[in-house]
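Please look over the structure shown below before reading on, and keep it beside you while the text leads you through it.

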Amino acid sequence: MGLEFRRRDYRAEEQAHLLRRTHADNHPLSSPSFSPLQVEESNCRKDDFSDPLRATDGTTEISADDIQNEHINSEPTVPRDSSAQLRARKEWTPFKKILMQRFPVSKSSSVSMGSNLLVKGTKGELDDQKMFEEEDVKVISQQECLSKLQELKDEINRSWSADDRVTSLRLSIKVARLLTETSVIQFYPTLFILATDIMDLLGDLVWNRIKRKAEFTEEGGYICSLPDNFKESDICFDAKETCNNWFSKIGSVRELLPRIYLELAILPCWRFLDNHHEDVLQRLVMMTRGIADPLASAYCRLYLVQCAQRLPEHDTGFLITCMNDIKLLLLRLTPAREAVDRDLSGTSEVLLTLIEPTIEYIVRCLFKDLRQMEINDMLLALGMAINPSILSENCSCVSIILHYVLKELPIGFICCNALEILHLVECAKDSSFLQSLNFKLLGHRLCERVPEVSKVLLVVDKIFQVLSCYDNLDAYLMVADAYLDIILESHLGTYLNVILDGIFERVRDEKIGENELVILQSIFSKIVAHFANIEHILALNHFLDILDMMRGSSRNVISTQILSMAARNSQIRDPTVIEVLLEIAQALYDGLDFSNMRKDDYQHPSHVIARFVYMVDHGTQLESHLRFLAQCRGAFSSISELQEILVHSSNNLAVRAMRDGNSCNFIKSCLAFNEVTIPAIPTNLRQLNLYLETAEVALLGGFISHTDGLIDAAVNCLQNVDSVNGTRSMEDLSLLVSLLCKLCCMLVMVPGNLEQGVTRIPKHILSLIESQSWILPRMKINVLSSVIYLSAALSQNQLPYHAVSGQVIGNYQLYFDVPSYHQELLSLSGVILQGLVNVVMQESSVAVRGKMALEACNCIASSFVMSDEALEACSKLMEIAKSCLSTGLDFFRPRSRT
């Protein structure tokens, strides 16, 4: 007996396999009522693990001891033998590194130095002033100067190791003299760092020598071990005498600057002579006033402050004096802003840039460990009183000093005195630092804690008075951006519109530079992030006008954020909003250079545009929505993700039109739209998927001609699928097999072609899987089984499922009483049956091969009557399964009929 399909009664089989239904007391989706769980307490120790989910109120109790222990454990560990010197140097080291990076050494520039300054010392007087005055000037490169300094440092170490401390001191004096040379001012910070490293080396050598004399005798006998907090009374006479001798030697140096540096180098040694150092520090501060060169004077004060940090105790009086001295120096360098047409001359600007790090470090030391109650007194001593009456009478504030004071002030103090500090910034009218930068800094500090800012309305009013004085776009944007968070969080919408009005007025008068674009991007990003409704943003004054004037990446970023926010949650239905967002999306698309950009760079903007198109909904105006999709297809032709969304949206419109009973012409327009759009998608597999989806929609509406055309287009995609990519992922292969199986399922409902035969398309599928070596055997089995199931279903008198539309007739009606119909299906199935075993044997994995054999056997048994040919194929497949799988499995055991 030859092959014969099994007769199937699908309705009877469905009834036989239905689960037995019983009445339920409660709805399965209703919220269950739980009774309190009775949990037996265990005898756990108090410190055992406690599950936080067992808390009855959903929270976990944390004891104060736990918080304290966590705080202690999170603090960095400090060595037990740490001292003030160690802590000071740990803070100084990163500052030196930043200073060197900020002012790098130029290889081409040269430095003028005395010929005797960079040679090794000779026997003679410690300080030969006459020789220093008469020596020749030698010009060397900066790199040579650095090498000479390193040689001097090594020579000082060698001389000290050879107990030739006089030579070490003489060489140190020569190094200190280098700091009087400021002819190449850009090189001075580097020179300062290297020279002070040598000063610190000398200071360490002297400190260790005196400390050893205090702890051991000349013969090596033990005297005592000095603690970190030792007192002057703990020091023996010999150590004090040695210490006095060193200060006397340094005091004999005639030149002021070297004498100050050398005494600062051994400043911690005053601890061996006196427990109080305030007078010493004040004396050194007064000595620095004798340095005429402003650059050398500022850096000498910097070293003084750094050396003072090594002392265990010191007050802030000398720091205030240092800062006020620098302030007087800056006032001479920087006239009032109204007295000059431009901010500063070139030399003064460079000089201020070099002096700026010294101000930063000294101000940082001023506010270190400062109590809240002392801040007012500190500001008053610096001429920065925040009391309005005192401020109006006497304000000697310098902008650049105020800038670093604002950086160090506690945020709580700034928020409580915001209005007074604004007046202080306004009173600083010198040209040492841009006033707008100080307003900007204050704004950023206030935005750290907006809810704590006192007198918000008065602060904002004052800022708008300041903004009104700025005609320059850059300054206006800078200050407005700094205070925008306060305006937004305080819900001051009127002020926001005033800012946008001011920006628009200034944008019209001058071209937007790159820096202004960056600030505009920041302002617009904050506005977009603040509002939850796109309509509120579009209603702001001149928002779209200013956006149109932006360009480049800044505009692209803002456009991306606007589209992302608009399409984040709900659908977009307002026609005016849709039109505006479409213009923004087109501008974003036009700003992307797809040919010169990496895929990652334009992937996010493309996704945002596609998401926007997907979220647009014209409601019942289906024709308007289809026109919108057509407009997007032309506007965003290079975004393949969007092309797919357009097809999905068009299919949704067609289905909605069918449900609403719209005219067939509109549905045909949707299908025609897809037929034109799908070929533009670059990936054949995605084309295949969309063709099948659209064919389903056409079949749902009963448009057989469109269905046939779309299926034919899908078959053409199958023929071209081999030329897509050289390498394919498993996901692509799985997608292809899934689509082929889907096509087979769809063909059950699609009427065949009387002229071309019912098996035309299945034969194309078989030809594809046979000709492509990259299709795995396990995937071929799935496709071959699907074709067999298709043939078996088409052979029945009643199909397992039908098209919804009554206009679509089934193949059992179309081929009724056609003798060749069943024979054609059996012939195709016979061909597949012959090659089924060979495909299973091609699988390399033994376990997978066994499962494939069982699946193929199940397909044959459910589709055919057990004829000799079918039984032979099933026997071979069962033998393969038994050889590959364990025979103890349930499906290998014979089952009795019940």
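The paragraphs that follow move from the whole protein to its helices, its aromatic rings and a few single residues.

This is a predicted model, in which local features need a pLDDT of at least 70 and side-chain atom pairs count only at pLDDT 80 or more, while totals for chains, interfaces and linings use all residues. Residues are numbered from 1 along each chain as its sequence is written, and side-chain values use heavy atoms, with hydrogens and water left out.

The secondary structure comes to 40 helices and 2 strands, where helices (H or I, at least four residues) and strands (E, at least two) are DSSP runs numbered from the N terminus. Of the 898 residues in the protein, 48% are buried; buried means under 20% relative accessible area, exposed means over 50%, and partly exposed lies in between, using a 1.4 Å probe and protein chains only. If we take the contacts (heavy atoms within 4.5 Å) between residues at least 6 apart in sequence, 75% of them join residues at least 24 apart.

Two packed helices are described by the angle between their axes and the distance between the axes. Helix H5, residues 142-161, and helix H6, residues 165-178, have axes that come within 8 Å and cross at roughly 160 degrees; these axes are lines fitted to C-alpha atoms, for helices over the stretch in contact, and the angles run from 0 to 180 degrees between N-to-C directions. H5 and H6 are therefore roughly antiparallel to each other, given that angles under 35 degrees count as roughly parallel, over 145 as roughly antiparallel, 65 to 115 as roughly perpendicular and the rest as oblique. H5 passes H6 in a left-handed crossing, a term used if the near helix is turned anticlockwise from the far one by less than a right angle, with right-handed used if it is clockwise. Among the residues that make this contact are Leu-149, Leu-152 and Ile-156 of H5, together with Ser-168, Leu-171 and Val-175 of H6.

Ser-168, which is found in helix H6, shows this packing at the level of one residue. Ser-168 has a relative accessible area of 0% and is therefore buried, and when residues up to four places away in sequence are not counted, Ser-168 touches Ile-156, Ser-159 and Trp-160. Trp-160 also has a charge over its ring, since the charged end of Arg-165 sits 5.4 Å from the ring centre; a charge sits over a ring if NZ of Lys or CZ of Arg is within 6 Å of the ring centre and within 35 degrees of the ring normal. In the loop between H5 and H6 lies Asp-163, which is exposed because its relative accessibility is 56%.

Most residues other than glycine have a negative phi. Asp-163, however, has a positive phi of about 60 degrees although it is not a glycine. Lys-455 likewise is not a glycine and has a positive phi, of about 55 degrees, and Lys-455 is found in the loop between helix H19 (435-446) and helix H20 (456-468).

A second helix pair is formed by H3, residues 84-102, and H7, residues 188-215, whose axes come within 10 Å and cross at roughly 160 degrees, so that H3 and H7 are roughly antiparallel to each other. Their crossing is left-handed, and the residues in contact include Trp-92 of H3 and Phe-192 of H7. Trp-92 and Phe-192 also belong to one aromatic cluster, which they form with Phe-95, Tyr-188, Tyr-261, Tyr-299, Tyr-303 and Tyr-361.

How many aromatic pairs does a search of the whole structure find? The search finds 19, where rings of Phe, Tyr and Trp (its six-membered ring) pair if their centres lie within 6.5 Å, and planes under 30 degrees apart count as stacked, over 60 as edge-to-face and the rest as tilted. In one of these pairs, the rings of Phe-216 and Tyr-222 have centres 5.9 Å apart and planes at 70 degrees, so the pair is edge-to-face. Phe-216 is partly exposed at 25% relative accessibility, whereas Tyr-222 is exposed at 57%.

Finally, helix H18 (residues 418-427) is mostly covered, with 7 of its 10 residues buried, among them Leu-419, Glu-420 and Val-425.
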